[in-house]
Amino acid sequence: NNTPGLVVVGAGLFGLTVAQQVAERYNIDVAVVERRSHIGGNAYSETEPRTGIEVHRYGAHLFHTDNERVWRYVNQFTGFTDYEHHVHTVHQGVVYPMPINLGTINQFFGAAYSPQQARSIIGEQAAEMHGRTPTNLDEQGVALIGRPLYEAFIRGYTAKQWQTDPRDLPASIIRRLPVRYNYDSRYFDDAYQGLPVDGYSAWLASMVEHPRISVHVDTDFFDSTQPLNRDSLVGRVPVVYTGPFDQYFDHSAGRLSWRTLDFEQEVLDVGDFQGTSVMNYADIEVPYTRIHEFRHFHPERTWYSKKSTVIMKEYSRWAGLEDEPYYPVGSPKDRQALQRYRDLAAAQPQVFFGGRLGTYQYLDMHMAIASALSLVDNSLDELFSG
Ligand code: FDA
């Protein structure tokens, strides 16, 4: 009998963490089913052959966490470099550090404000709203950081991300805009950050190097011609499902909406294109939101080509039916459908929904891992430890 004790649908960080933990803790056979031709979900990376440079195929992935347990967990599978992420942004032909900090403010206003002075000037600019509750994203931005900084650094970028004028977007999209009144320009302030020393693929593969785990790529859980599929398994074997929530229920309550990204990758015959890993483009006139240059994620890798480099332009748009879902939109209609799917999911005791697609929420990698660990602790443990 080769029926596994658990089937995990999706080999992203959520699914890999569950599979690894169940195999190790309970010594149970776990089958991981993945519709793509590779494991790792969106954290997957590959080597660009001409330059030897590691490229993140589904967008740049920087690991960061404050969670001790997650940090100890991931360090079982890979070491991390001491890379610290910094981002810059181009506005009207000038480069500024992001997120907005005292360096950005002083450069933008051509000033030498102290933290207190900057705080009070931004406070005065934000007071333009006279305490009125913002009714759209544009007003929200002004209320949070004042009009000059909002219009320079946030307005155009947000309009490009959403393909919508911010006056037509709900205020709730941005609850806060971080402004640092010091010169700390690190993108993440988490205690632990870095990139996997031997790359993402090596890390992700080592998570499922276990005799109890079998991985089946190019296998769609909804394809009934495959041996491991929904119709033949659900009800017989516990399933952890990390694919799209609405697809599991055949979109019966409507499609949940997502934004997607288009990536345009180029190899350029120049050793260094932009001097840093990520350059944002704040102005609406530039169609892309940012350019990644992958060599800068690993300055320690001496084998990278010195004569050529890999860049990737990123464009944001609404996802169509065939597109990769990247960011949940979360409109009122989506929230209604989500509630309906949650009710349907509650009636499926042997299926555990998890991960960013399976719960329709944006999760950073450390959050996906933490939530997978809690699923094992809180639900699967009861099932398997008996
Ligand atoms: P993930 O999407 O990775 O995996 C789900 C898997 O399920 C996929 O491989 C999919 O093919 C598979 N699947 C779906 N349906 C299936 C079916 N029917 N049958 C079989 N398999 C199926 N995080 C971070 O910490 N730092 C960062 O810098 C970034 N950057 C970033 C950039 C972009 C553009 C995005 C979209 C996301 C990030 N992230 C991030 C977030 C990170 O990608 C996220 O935390 C993980 O992908 C979550 O892992 P999951 O396993 O939940 O989903």
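**Helix packing and loops in a predicted model**

Q: Why is the crossing of H5 and H6 called right-handed?
A: The crossing of H5 and H6 is right-handed, a term used when the near helix is turned clockwise from the far one by less than a right angle (anticlockwise would be left-handed). The structure is a predicted model, in which local features need pLDDT of at least 70 and side-chain atom pairs count only at pLDDT 80 or more, while totals for chains, interfaces and linings use all residues. Residues are numbered from 1 along each chain as its sequence is written, and side-chain values use heavy atoms, with hydrogens and water left out.

Q: What makes H5 and H6 oblique to each other?
A: Their axes come within 9 Å and cross at roughly 140°. Axes are lines fitted to C-alpha atoms, for helices over the stretch in contact, and angles run from 0 to 180 degrees between N-to-C directions. Angles under 35 degrees count as roughly parallel, over 145 as roughly antiparallel, 65 to 115 as roughly perpendicular and the rest as oblique. The pair H5 and H6 is therefore oblique.

Q: How do you know which residues of H5 and H6 meet?
A: Contact means heavy atoms within 4.5 Å. On the H5 side Leu-137, Asp-138, Gly-141, Val-142 and Ile-145 take part, and they meet Arg-147, Leu-149, Tyr-150, Ile-154, Arg-155 and Thr-158 of H6. This contact of H5 with H6 divides into six nonpolar, two polar and three charged residues (Ala, Val, Leu, Ile, Met, Phe, Trp, Tyr, Cys and Pro are nonpolar; Asp, Glu, Lys and Arg are charged; the others, Gly among them, are polar).

Q: Why is H1 called oblique to H12?
A: Helix H1 (residues 13–26) and helix H12 (residues 365–384) pack at an angle of about 40°, with their axes 8 Å apart. That angle makes H1 oblique to H12. H1 passes H12 in a right-handed crossing. Residues that meet here include Leu-13, Phe-14 and Tyr-26 in H1, and Met-365, Ala-368 and Phe-384 in H12. By class, the contact of H1 with H12 has 14 nonpolar, three polar and three charged residues.

Q: At what angle do the axes of H1 and H7 cross, and which residues make the contact?
A: The axes of H1 and helix H7 (residues 200–207) cross at roughly 35° and come within 9 Å. Leu-13, Leu-16, Thr-17 and Gln-20 of H1 and Trp-203, Leu-204 and Met-207 of H7 form the contact. Five of these residues are nonpolar and two polar, with no charged residues.

Q: How do you know that the radius of gyration agrees with a compact globule?
A: For 386 residues, a compact globule would have a radius of gyration near 21 Å; the protein chain has 23 Å, which agrees. The radius is taken over C-alpha atoms, and the globule rule is 2.2 Å times the number of residues to the power 0.38.

Q: How many helices and strands are in the protein chain?
A: There are twelve helices and 16 strands, where helices (H or I, at least four residues) and strands (E, at least two) are DSSP runs, numbered from the N terminus.

Q: What is the omega of the cis peptide bond between Met-98 and Pro-99, and what is the phi of Asp-218?
A: Omega is about -10° for the cis bond that joins Met-98 and Pro-99. Pro-99 is in the loop between strand S7 (94–98) and helix H3 (102–109). Asp-218, although not a glycine, has a positive phi of about 55°. Most residues other than glycine have a negative phi, and most peptide bonds are trans.
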